[in-house]
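User: I should like to go through this structure by question and answer. Please base each reply on the model shown here.

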Amino acid sequence: MSQLHKPVLLNEVLDSYSELGANPHLVYFDGTYGRGGHFRAVQQKYSPSLSFITDQDETAIQQAHADWNEQIKSGKIKVFHQNFFDFVESNVGGQKIDMALLDLGVSSPQLDEADRGFSFNKDGPLDMRMNQTKGETAADIINTYDAEDLIQIFKSYGEVPNPARVVRAIVSDRTTKPFVTTLQLAGLIERVDGWQKKGYHPATQYFMALRLVINRELEVVENVLPLLIEQMQDKGRISVITFHSLEDRIVKNIFKDSTAGFLVNKKVIVPSEEECKINPRARSAKLRIFQKGEQPEKPDKFALRRAQRDQQ
Ligand SMILES: C[S@@+](CC[C@H](N)C(=O)[O-])C[C@H]1O[C@@H](n2cnc3c(N)ncnc32)[C@H](O)[C@@H]1O
C-alpha cells in the first residue's frame with residue numbers, strides 16, 4: 001500500500017459518515033482515489049458492501065488495482081479511470097450511494113513528480129494535466145492563448161491582482177522561444193513580479209490558475225454536485241474537501257441552496273494545528289458535509305420550561 005500521500009482531515013471524514021450507523025449494505029463512492037488513504041480507512045471502519053473508485057490519473061488507478069486486486073475480482077470494489085463527473089453523469093454504478101467523498105485537487109505524488117509539470121520548484125515539462133491522456137497542457141495555453149485570455153485566467157482563477165506585466169513578458173518571450181518547462185515559466189514570473197510575499201513563491205497563484213483551467217476543476221465540481229445529490233440514498237452523506245477558496249464557495253453554496261438535503265456543518269471544518277504541522281499541505285483544506293433528505297428537527301430546549309409555565 002502506498003504511503004506517498006497523507007490523507008487530509010482523515011478522522012473528520014470518517015466521522016462524517018458515523019450517523020449512517022451499522023448497516024451491512026452501505027455503498028461508498030470515492031471520486032478521488034489518489035493513493036487511497038481515505039478509501040482504505042473507510043473500508044476498515046465501515047466495510048461497505050460495494051465501493052466505487054474513480055480517478056482521472058492513470059497512476060492512481062494502477063495503484064487502486066494493485067491495492068484491491070482480490071476485492072475487484074470478487075466485484076466488491078469497482079474501479080474506473082474516469083473523471084468523477086463522467087462517472088456520476090452516466091450513473092455507471094446504477095446504485096444509490098450512502099457515502100461519497102471528493103477530496104479535490106492534486107495528490108502529493110502529482111506535485112512531487114517533476115514529470116507531471118505541476119511544480120514551480122522542479123524542472124519538468126509544462127504539463128499539469130491530471131489525465132495525461134487528453135486535453136491541453138499548460139504549455140499549449142501559455143504558448144497560444146491571447147494576452148487578454150491569459151490575463152483573465154490569472155485574475156479569475158489565480159486571484160492575481162495585476163498579471164499584465166507577466167503576461168506581456170510571456171507574449172514577448174514566446175515569439176523567440178516557446179515555453180516548454182516549468183522552471184522556464186516560474187523563472188519569468190520570478191523575474192517580473194519578484195518576491196512580494198515572504199515564503200510564497202511568486203509563481204504560486206499563476207500555477208494554481210493554470211492547473212484549475214487545464215483540469216476544469218471548478219466547472220467539474222459545480223456540475224457534479226447536483227447530479228451526485230440526486231444519486232444519494234436518503235440520509236446518505238457527501239463529504240467534500242477543497243483547497244481553494246473559489247472551489248469551497250461553490251461547494252458551500254450548492255449544499256446550502258439544495259432543497260434535496262442540507263449542509264450538516266454550518267461551520268466549515270478545517271485541520272487542527274497539529275495536523276498542519278505534520279502535513280503542511282493540509283493547511284488550506286476545508287471540509288463540508290451534505291446530507292440527503294429532510295433535516296431532523298432540533299430538540300426544543302425550551303419546551304419543558306414552557307409546559308411548566310403553562311401549568312402554573
Ligand atoms: C487530493 S488527491 C486525493 C487523495 C486521496 N484522498 C488519498 O487519501 O490518497 C486528489 C486526487 O483526485 C484526482 N482528481 C481530481 N479531480 C478529479 C476529477 N474531476 N475526476 C477524477 N479524479 C480527480 C486527482 O487525480 C488526484 O489523484
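User: Against which helices do the buried residues of α11 pack?

Analyst: The model is a predicted one. In helix α11 (residues 204-214), 10 of the 11 residues are buried, so this helix is largely enclosed by the rest of the structure. Among the buried residues are Y206, F207, M208 and L210. Their packing partners are α7 (138-144), α8 (147-156), α9 (164-176), α10 (182-193) and α12 (217-230).

User: Which residue follows α11, and what is the sign of its phi?

Analyst: The helix α11 covers residues 204-214. The residue that follows α11 is R216, and its phi lies near 45 degrees, which is positive.

User: Which strands are the edge strands of the open sheet?

Analyst: The sheet has 7 strands with mixed pairing, in the order β3-β2-β1-β4-β5-β7-β6. An edge strand pairs on one side only, and this applies to β3 (77-81) and β6 (261-263).

User: What is the bridge partner of I238 in β7?

Analyst: Strands β5 (residues 232-242) and β7 (residues 286-292) pair in the antiparallel sense, over 6 bridges. Helix α13 (residues 245-257) lies across β5, β6 and β7. For I238, the bridge partner in β7 is F290.

User: Which residues are the closest to the ligand?

Analyst: The shell around the ligand divides into 8 nonpolar, 12 polar and 4 charged residues. Elements that each supply at least two of these residues include α2 (37-46), β2 (50-55) and α5 (84-90). Of the 24 residues that surround the ligand, the closest are P7, T32, G34, G37 and D57.

Definitions and conventions: Residues are numbered from 1 along each chain as its sequence is written. This is a predicted model: local features need pLDDT of at least 70, side-chain atom pairs count only at pLDDT 80 or more; totals for chains, interfaces and linings use all residues. A residue is near a molecule or strand if its C-beta atom, placed from the backbone, lies within 6 Å of it. Helices (H or I, at least four residues) and strands (E, at least two) are DSSP runs, numbered from the N terminus. Ala, Val, Leu, Ile, Met, Phe, Trp, Tyr, Cys and Pro count as nonpolar, Asp, Glu, Lys and Arg as charged, and the others, Gly among them, as polar. A residue is buried if 20 or more other C-beta atoms lie within 10 Å of its own, exposed if 12 or fewer, and partly exposed in between; C-beta atoms are placed from the backbone. Two residues are in contact if their C-beta atoms, placed from the backbone, lie within 7 Å. Two strands pair if DSSP finds at least two bridges between them. Axes are lines fitted to C-alpha atoms, for helices over the stretch in contact, and angles run from 0 to 180 degrees between N-to-C directions.
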